[in-house]
Amino acid sequence: MKKSDLDFIASVAKIKNRVAVKDYYFEELPKDIRSLAFTVSNLETLRQVQMVQRSLANAMDSGDSFESWKSNLDTSILKSLSDARLETVYRTNTSSVYNQSTRFNALTSDVTPYLMYDAVGDERTRPEHMKLDGTIKRADSKFWDVMLPPLSYNCRCSTIPLSKE
C-alpha cells in the first residue's frame, strides 16, 4: 500500500471518529471543536445523522460516486432531505476529506510542502472564494487552519500541492 493510500485512509478515519451530534448542538460548539463533530442539518434524529456519517465514511473508503452512495442509502428514513441536499452533504464531506488529505500529505512531504488555493472560477464561484484563488502558503501555515476548502456548503474549491520551485 502506498503512503498516499494510508494518508487517505487516515482522513477517512477522521470522519469515522467524529462525534455525531444534532445540528442545534453543533452550532453551540466552539469553532475550533467543530472539526471533531459531524452533523447534517434538518435530520430529525441522532440515528439519522449517524447513518449518514457511516455511509459517507464507507463510500469514501470505497471511492463511491454520489449516485452510488445515494443508491445505498436507506432514503426511507431520510425523507426530509432532497436529492439536492444529499448532494450537498456528499460534496461537502468528500471535499473536506480530500483537502485534509492533501494538506496532510504536504505537511509530511519534503517534495510538496506548499498548497495553492484553487477556486473553480466560473459564474457559480463566490467572490470571496475567487479572491483566494492562486494564494500559495506553506502547508503548515495557520492560514490553512481557517481557509482550507470547503469554506462553506457547496464549495467546489480545492488545494493543489506545490513544490518549492
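Asn154 sits in the loop between α7 and β5. Helices and strands here are DSSP runs, numbered from the N terminus: helices are H or I with at least four residues, strands are E with at least two. Asn154 has a positive phi of about 65 degrees, although it is not a glycine. Its relative accessible area is 32%, so Asn154 is partly exposed. The cut-offs are these: buried means under 20% relative accessible area, exposed means over 50%, and partly exposed lies in between (1.4 Å probe, protein chains only).

This is a predicted model, in which local features need pLDDT of at least 70 and side-chain atom pairs count only at pLDDT 80 or more, while totals for chains, interfaces and linings use all residues. Residues are numbered from 1 along each chain as its sequence is written, and side-chain values use heavy atoms, with hydrogens and water left out.

## Backbone details

Pro150 lies in the loop between α7 (143-147) and β5 (158-162). The peptide bond from Pro149 to Pro150 is cis, with omega near 0 degrees.

Asn42 belongs to the loop between β2 (37-38) and α3. Its phi is near 70 degrees, a positive value in a residue other than glycine. Is Asn42 buried or exposed? Asn42 counts as exposed, because its relative accessibility is 51%.

Why point these features out? Most residues other than glycine have a negative phi, and most peptide bonds are trans.

## The whole chain

The chain holds 7 helices and 5 strands. Read from the N terminus, the order is α-β-α-β-α-α-α-β-α-β-α-β.

How does the radius of gyration agree with that of a compact globule? A compact globule of 165 residues would have a radius of gyration near 15 Å, and the chain has 16 Å, which agrees. The radius is taken over C-alpha atoms, and the globule rule is 2.2 Å times the number of residues to the power 0.38. Along its principal axes, the C-alpha trace spans about 50 × 40 × 30 Å.

Of the 165 residues, 41% count as buried. The accessible surface of the chain comes to about 9,600 Å². Carbon and sulfur atoms account for 52% of that surface. These areas come from the Shrake-Rupley method with a 1.4 Å probe; for residues, only the protein chains shown count as cover.

Contacts also link distant parts of the sequence. A contact means heavy atoms within 4.5 Å. Among contacts with a separation of 6 or more, 62% are between residues 24 or more positions apart.

## Met51 in helix α3

Met51 is part of helix α3 (residues 46-62). At a relative accessible area of 15%, Met51 is buried. Which residues does Met51 contact, leaving aside neighbours within four places in sequence? They are Leu73, Asp74, Ile77 and Leu78. Met51 and Val89 are 38 residues apart in sequence, and their C-alpha atoms are 13 Å apart in space.

## Charges and salt bridges

The chain has 23 positive and 22 negative charges, and their mean positions are 3 Å apart. Lys and Arg count as positive, Asp and Glu as negative; His and the chain ends are not counted. Each charge is placed at NZ of Lys, CZ of Arg, CG of Asp or CD of Glu.

Side chains of opposite charge can pair when their charged atoms come close. A salt bridge is a side-chain nitrogen of Lys or Arg within 4 Å of a carboxyl oxygen of Asp or Glu. How many salt bridges does the structure hold? It holds 7 salt bridges. The table lists some of them.

| Positive partner | Negative partner | Closest N to O |
|---|---|---|
| Lys22 | Asp23 | 3.9 Å |
| Lys70 | Glu67 | 3.9 Å |
| Arg138 | Asp140 | 3.3 Å |

Take Lys22 and Asp23. Lys22 is buried, with a relative accessible area of 11%. Asp23 is buried too, at 18%.

Now Arg138 and Asp140. Arg138 is partly exposed at 37% relative accessibility. Asp140 is partly exposed at 48%. Elsewhere, salt bridges that share partners join Glu67, Lys70 and Asp83 into one network.

Lys70 and Glu67 are 3 residues apart in helix α4 (residues 66-72), so about one helical turn separates them. Lys70 counts as buried at 18% relative accessibility, whereas Glu67 is partly exposed at 48%.
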